[in-house]
Amino acid sequence: MPQVHAAAVYARISLDQDGAALGVKRELMDCQRLADELGWVVAEEYVDNDVSAFSGTRRPNYERMLTDISEGARDAVLVYHLDRLTRLPIELEHFVEVVTSAGISHVRFVSGGDLDLGTGDGLLVARMLAAVAANESASKSRRVRRKLEERAAEGRPHGGSNRPFGYCDDKVTIRPDEAEVIRILVARYLAGESGRSLAMWLQEEGVATVRGNAWRVPTVKAIIRSPRIAGLREHRGQVIGPAAWEPIISEADRAKV
């Protein structure tokens with residue numbers, strides 16, 4: 001069996017919950033351990049952290065790995081599990097096409113069985129696993145959408161780590177200082193003042209955004225025009241009813257904006 005001199009290690013995780021990339025670091029360690037057992041030399045680690053393999057989001061380092069494979073810079077591929085590589089059957093077919101065209105027969109996975117993509121049986125198993133992974137991801141997406149729809153129908157706030165300006169971290173309790181700023185913004189905007197002028201006023205007054213960034217016109221207008229500040233729940237761009245939080249301005253004023 002030819003010696004592997006320039007293996008590619010690929011690691012990916014869909015959701016990096018703690019922001020420390022611990023998931024992909026574990027994958028890389030396990031792949032390196034397997035490479036040592038096989039006597040393979042790892043040329044490069046390709047990592048796409050906090051990126052889905054199902055949603056269609058671009059994976060820059062996955063694409064770069066395929067380019068390196070196509071150009072003959074890599075002679076093997078190591079991945080923790082097939083679903084780290086892809087969760088889309090069509091993407092699996094493309095990967096197989098790339099490695100086959102490059103003459104690569106060494107593709108190994110740490111977990112999920114010893115799949116040999118160079119054999120008919122191995123490819124069949126991989127295709128079935130990719131189909132199962134795609135179905136699991138689709139089912140999860142449906143459950144998430146249903147949960148979001150349920151929260152919206154009940155008027156509850158959506159998830160996410162960032163609180164809306166004017167409200168506390170629970171996204172329900174009004175922050176009096178920021179609420180007063182919103183009322184001033186709406187009043188001045190209805191009086192004819194421009195978004196740019198209001199953004200400059202906020203900066204001059206030292207009012208901080210939720211993230212501590214500089215105020216920009218789109219941000220100011222988004223707050224002024226938001227149904228949220230009138231106590232309305234929005235879902236997918238449509239107001240669907242009253243919200244679970246108290247309004248900062250009246251619906252009548254919001255309708256004038």
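**Figure 1. The hairpin of β5 and β6 in the predicted model.** In this view of the predicted model, H235 stands opposite Q238, a residue of strand β6. Strand β5 covers residues 232-235 and strand β6 covers residues 238-242, and the two strands pair in the antiparallel sense over four bridges. Two residues lie between the strands of this hairpin, and R236 takes a positive phi near 55° there.

**Figure 2. Buried and exposed residues of helix α7.** Helix α7 spans residues 195-205, and within this helix G195, L198, A199, W201 and L202 are buried. These five residues lie on the same side of α7, because they cover an arc of only 160° around the axis. R196 and E204, in contrast, are exposed on the other side of α7. The cover over the buried residues of α7 includes α6 (176-190) and α8 (217-225). Just after α7 comes G206, which takes a positive phi of about 75°.

**Figure 3. A salt bridge within helix α1.** The side chains of R33 and D30 meet in a salt bridge, with a distance of 2.7 Å from N to O. Both residues belong to helix α1 (residues 22-38), and because they are three residues apart, about one helical turn separates them. An α-helix has 3.6 residues a turn, so residues three or four places apart point the same way. R33 counts as partly exposed at 43% relative accessibility, and D30 is also partly exposed, with a relative accessible area of 23%.

**Figure 4. A salt bridge between helix α2 and strand β2.** R64 forms a salt bridge with E44, and the closest N and O atoms of this pair are 2.6 Å apart. Since R64 lies in helix α2 (residues 60-70) while E44 lies in strand β2 (residues 42-49), the pair ties together parts that are 20 residues apart in sequence. R64 is partly exposed, with a relative accessible area of 32%, and E44 counts as partly exposed at 24% relative accessibility.

**Figure 5. A salt bridge in helix α9, and a network that includes E44 and R64.** The side chains of K256 and D253 meet in a salt bridge, at 3.7 Å from N to O. These two residues of helix α9 (residues 251-256) are separated by about one helical turn, because they are three residues apart. K256 counts as exposed at 58% relative accessibility, whereas D253 counts as partly exposed at 28%. Elsewhere, salt bridges that share partners join E44, R64, D68 and R74 into one network. The count for the model comes to 13 salt bridges.

**Figure 6. A nonpolar patch on the surface.** L124, V125, M128 and L129 form this patch, and together they have about 320 Å² of accessible area. M128 has its place in helix α5, which runs over residues 120-153. With a relative accessible area of 47%, M128 is partly exposed.

**Figure 7. The whole chain, as a setting for the close-up views.** The chain has nine helices and six strands, and buried residues make up 39% of its 257 residues. Among contacts between residues at least 6 apart in sequence, 63% join residues at least 24 apart. The chain exposes about 14,100 Å², and carbon and sulfur atoms supply 51% of this area.

Key:
Residues numbered from 1 in each chain as written. Predicted model: local features only at pLDDT ≥ 70, side-chain atom pairs only at ≥ 80, totals over all residues. Heavy atoms only, no water. Buried < 20%, exposed > 50% of the residue type's maximum accessible area, 1.4 Å probe, protein only. Contact = heavy atoms within 4.5 Å. Areas by Shrake-Rupley, 256 points an atom, 1.4 Å probe, with all protein chains shown as cover. Pairing = 2+ DSSP bridges. Patch = residues over 30% accessible without salt bridge, like charges linked within 9 Å, V, L, I, M, F, W, Y side chains within 5 Å. Salt bridge = Lys/Arg side-chain N within 4 Å of Asp/Glu carboxyl O. Arc of directions from axis to C-beta.
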